[in-house]
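This report looks at how certain helices pack against one another and at the aromatic rings found among them. Please keep the sequence and the structure in view while reading.

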Amino acid sequence: MTLTEQIITIAMAVIGTMATRFLPFLVFSNSERTPVFIKRLGDFLPPAILGILVVYCYKDVLFTASSTALFSLVAGLVTLAVHLWRRNMFLSIFVGTACYVLLCNFL
Amino acid sequence: MANRKETFLFAFRKSLPIMTGFLFLGMTYGIYMNQQGFNFLYPTLMALTIYGGSVEFIIANLLTKAFDPWAVLIVTLIVSSRHLFYAISMLDRYGNTGWRKPFLIFGMSDETFSLNYSTKVPLEFDKKKVMFTITILNQIYWVSGACLGGLFGSLIAINVKGLSFVMTALFIVMMTDQFLREDHHFSSLTGLFLSLGILAVTGKTYFMPITLFLLVVIFAILEKRKERFYDFD
């Protein structure tokens, strides 16, 4: 690819990404005229999205029989357990990550 | 009302897990581009302008192939389509943010969206300023990581394997907090299990847009059948 072609390629990726982020805001710019269905959809989706993003983090290891898959599942459960126990975001993330790093490097 | 410094510190504290994750993942991305033969300006500028991790990796790969701008646009639209749903969810929160609004929308990556959605901002803080600071900080982390990775390439020895798990842990924590504070778990549970099922069936590339599309269909059917199928918190 020439430099111009590279710039066009990157520009296309910028346009594509930004279109998906800006489009709903442009279409529904006036809150009073936003359909109730869209507003309620916006209230409904986020909890589901948070769940989907957790699955997204596991997309490379799930359904593979590897030690990484096992380690990340264990570390995930540890994160969950610590969070249910102490409800302290930093503690949960720290313990979970430390657990994963230790498992990966010393097992 | 909290002053500038207090607002910054609150946002900075909230962004710390993403700082660790983004610096690390950004470096991985910069190193990847470096190994593909691109100088550091490429990962840095792509991190700055595209600002979407998964798309940046795909483009890094496509840049080494034959020139095909329309294919690039289509792939990007498919992979990024999840942002449509983030935007619909943030219409209200980003609604009255004035001059900050375009940047809040521009910087709405997966991590920034989830953090800005999940963060409960105490009353003494101006919510739009907190969200704006979080958005800026997160992008700074990502761009810095990409730049460093691109500059030093494999010279940076990433000795500690597995640090990127902070991101997974952060999402687990945000999901758990959401689950604990909500009255109905229908949305949370459907998102979690539907995406697992779709991932098993379609594989990792397209499971996210497909899951989100199906969620909208499910929501539409339930709303139609019951008028308002439940009241949100």
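How are helix 2 of chain A and helix 7 of chain B oriented to each other? In this predicted model, the axes of helix 2 (residues 36–57) of chain A and helix 7 (residues 110–118) of chain B come within 11 Å and cross at roughly 135°. Helix 2 of chain A and helix 7 of chain B are therefore oblique to each other, and helix 2 of chain A passes helix 7 of chain B in a left-handed crossing. On the chain A side the contact is made by Pro46(A), Pro47(A), Ile49(A), Leu50(A) and Leu53(A), which meet Asp110(B), Phe113(B), Ser114(B), Tyr117(B) and Ser118(B) in helix 7 of chain B. The residues of this contact divide into seven nonpolar, two polar and one charged.

Helix 7 of chain B also has a partner within its own chain, helix 5 of chain B, and the axes of these helices come within 11 Å while crossing at roughly 20°. Because angles under 35 degrees count as roughly parallel, helix 5 of chain B and helix 7 of chain B are roughly parallel to each other; their crossing is left-handed. Here Arg82(B), His83(B), Tyr86(B), Ser89(B) and Met90(B) in helix 5 of chain B meet Asp110(B), Phe113(B), Asn116(B) and Tyr117(B) in helix 7 of chain B. This set of residues divides into four nonpolar, three polar and two charged.

Turning to the aromatic rings, the structure holds 18 aromatic pairs over all chains, and two of these pairs are set out below.

| Pair | Distance between ring centres | Angle between planes | Class |
|---|---|---|---|
| Phe38(B) and Tyr42(B) | 4.9 Å | 45° | tilted |
| Tyr86(B) and Phe113(B) | 4.4 Å | 0° | stacked |

The stacked pair belongs to the helix contact just described: Tyr86(B) lies in helix 5 (residues 82–90) of chain B and Phe113(B) in helix 7 of chain B, so the pair ties together parts that are 27 residues apart in sequence. Are these two residues buried or exposed? Tyr86(B) counts as buried at 0% relative accessibility, and Phe113(B), with a relative accessible area of 1%, is buried as well. As for the tilted pair, both Phe38(B) and Tyr42(B) are buried.

Finally, Phe22(B), Tyr29(B), Tyr32(B), Phe57(B) and Trp142(B) form one aromatic cluster.

Methods
Residues numbered from 1 in each chain as written. Chains lettered and ligands numbered in written order. Predicted model: local features only at pLDDT ≥ 70, side-chain atom pairs only at ≥ 80, totals over all residues. Heavy atoms only, no water. Axes fitted to C-alpha atoms, helices over the stretch in contact; angles between N-to-C directions. Helix = DSSP H or I, 4+ residues; strand = E, 2+ residues; numbered from the N terminus. Parallel < 35°, antiparallel > 145°, perpendicular 65-115°, else oblique. Left-handed = near helix turned anticlockwise from the far one by under 90°. Contact = heavy atoms within 4.5 Å. Nonpolar A, V, L, I, M, F, W, Y, C, P; charged D, E, K, R; others polar. Phe/Tyr/Trp six-rings, centres within 6.5 Å; stacked < 30°, edge-to-face > 60°. Buried < 20%, exposed > 50% of the residue type's maximum accessible area, 1.4 Å probe, protein only.
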